Amino acid sequence: MKRRLSDILKELRLTGHATISDLANRLEVSEETIRRDLKLLSKEGLIEKHHGSATLRNYSSEPEFHHRIEENREIKKQVAKLAASSISDGDVVFLDIGTTTAFVAEALMNHRDLTIVTNSVVIANTTFAERGFKTYLTGGEIRSHDGGMFGPEAYDAIKRYCINKAILSTAGIHHAYGFLTHHLCEAELYSEVAKMAEMTIICADSEKYNRRAPIKLLDFDDVDILYSDRVPAKALRKELEKHNVTMRLLDRMAKNDVIEDAAAD
């Protein structure tokens, strides 16, 4: 039970809110079990119970970057490595502020003659000193919790570049809503990036599947490739296939040892 209570809190920390049915599906237990667990967590003052759902107390909409980058770290690194393999020497690549995207930046270090465009101070710090790379920061106000740059300056700057490939992250991928985010400024900037790029790539570990967030980042039609670690459930897989989103997944590659190790943790 202690492990399950911990898993429930982990789920709630991602979005702040979840329905009982969603938690039951994710943790593969009955809804009655989830109700009992939520009652215990409520008594401890960790959550607030609602009719059919629960909310994490003192929830901040998005954890700070240094916390998020540790979540599913090894899986993210493997997904990032797979995504980096799609980048060709000489490409102009946009990288957003996501934690998996930060690992993509690290995985690109064996490439040559890349132009990196980013609104992430973290990623610029990774790529700017790499010999043969050119790194451009968009400008704009820097957010304190993740080093992301947003605002009119960032929006205007990205229009100047001819982007071959845009590598973006997402807070959730939901079969009914598409790719989601917590922040309107991200949706405004990255939807413009997706329009400009020859190819739009999403990198996300499978815990993002069927996650909800309040703002639509991109529609399924806006995305060319999804890099992740596992095959999505039927409803989400159907939407991705319907909109011709190519899925490149670790569990279809010779990387099953990574997936099994992560599942055993």
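Here are a few worked exercises on the predicted model above.

Some ground rules come before we dig in. Residues are numbered from 1 along each chain as its sequence is written, and side-chain values use heavy atoms, with hydrogens and water left out. Because this is a prediction, local features need pLDDT of at least 70 and side-chain atom pairs count only at pLDDT 80 or more, while totals for chains, interfaces and linings use all residues.

**Exercise 1. Work out which side chains of helix α3 are buried and where they sit around the axis.**

Step 1: find the helix. α3 covers residues 31-43; helices here are DSSP runs (H or I, at least four residues) and strands are E runs of at least two, numbered from the N terminus.

Step 2: check its length. The 13 residues reach 18 Å from first C-alpha to last, close to the 18 Å expected at 1.5 Å a residue (the expected span is 1.5 Å times one less than the number of residues).

Step 3: pick out the buried residues. Those are T33, I34, D37, L38 and L41. Buried means under 20% relative accessible area, exposed over 50%, and partly exposed in between, with a 1.4 Å probe and protein chains only.

Step 4: place them. They span an arc of only 135° around the axis, so they end up on the same side of α3; the arc is taken over the directions from the helix axis to the C-beta atoms.

**Exercise 2. Find the salt-bridge partners of R35 and explain how they line up along α3.**

Step 1: set the rule. A salt bridge is a side-chain nitrogen of Lys or Arg within 4 Å of a carboxyl oxygen of Asp or Glu. By that rule the model has 15 salt bridges.

Step 2: list the partners. R35 pairs with E31, the closest N and O atoms being 3.5 Å apart, and with E32 at 3.8 Å, N to O.

Step 3: count along the helix. E31 and R35 are 4 residues apart in α3, so about one helical turn separates them. For E32 and R35 the spacing is 3 residues, again about one helical turn. An α-helix has 3.6 residues a turn, so residues three or four places apart point the same way.

Step 4: check the exposure. E31 is partly exposed at 35%, as are R35 at 37% and E32 at 43%.

**Exercise 3. Compare the burial of R211 and E207, then say which network they belong to.**

Step 1: confirm the pair. The side chains of R211 and E207 form a salt bridge at 3.9 Å, N to O.

Step 2: read the accessibilities. R211 is buried at 3%, whereas E207 is partly exposed at 25%.

Step 3: follow the shared partners. Salt bridges link K10, E11, D22, R26, E207 and R211 into one network.

**Exercise 4. Trace the hairpin of β2 and β3, starting from the end of α3.**

Step 1: leave the helix. Just after α3, G45 has a positive phi of about 80°.

Step 2: pair the strands. β2 (residues 47-50) and β3 (residues 53-56) run antiparallel over 4 bridges; strands pair if DSSP finds at least two bridges between them. The partner of H50 in β3 is S53.

Step 3: look at the turn. With 2 residues between the strands, the hairpin has G52 at a positive phi near 80°.
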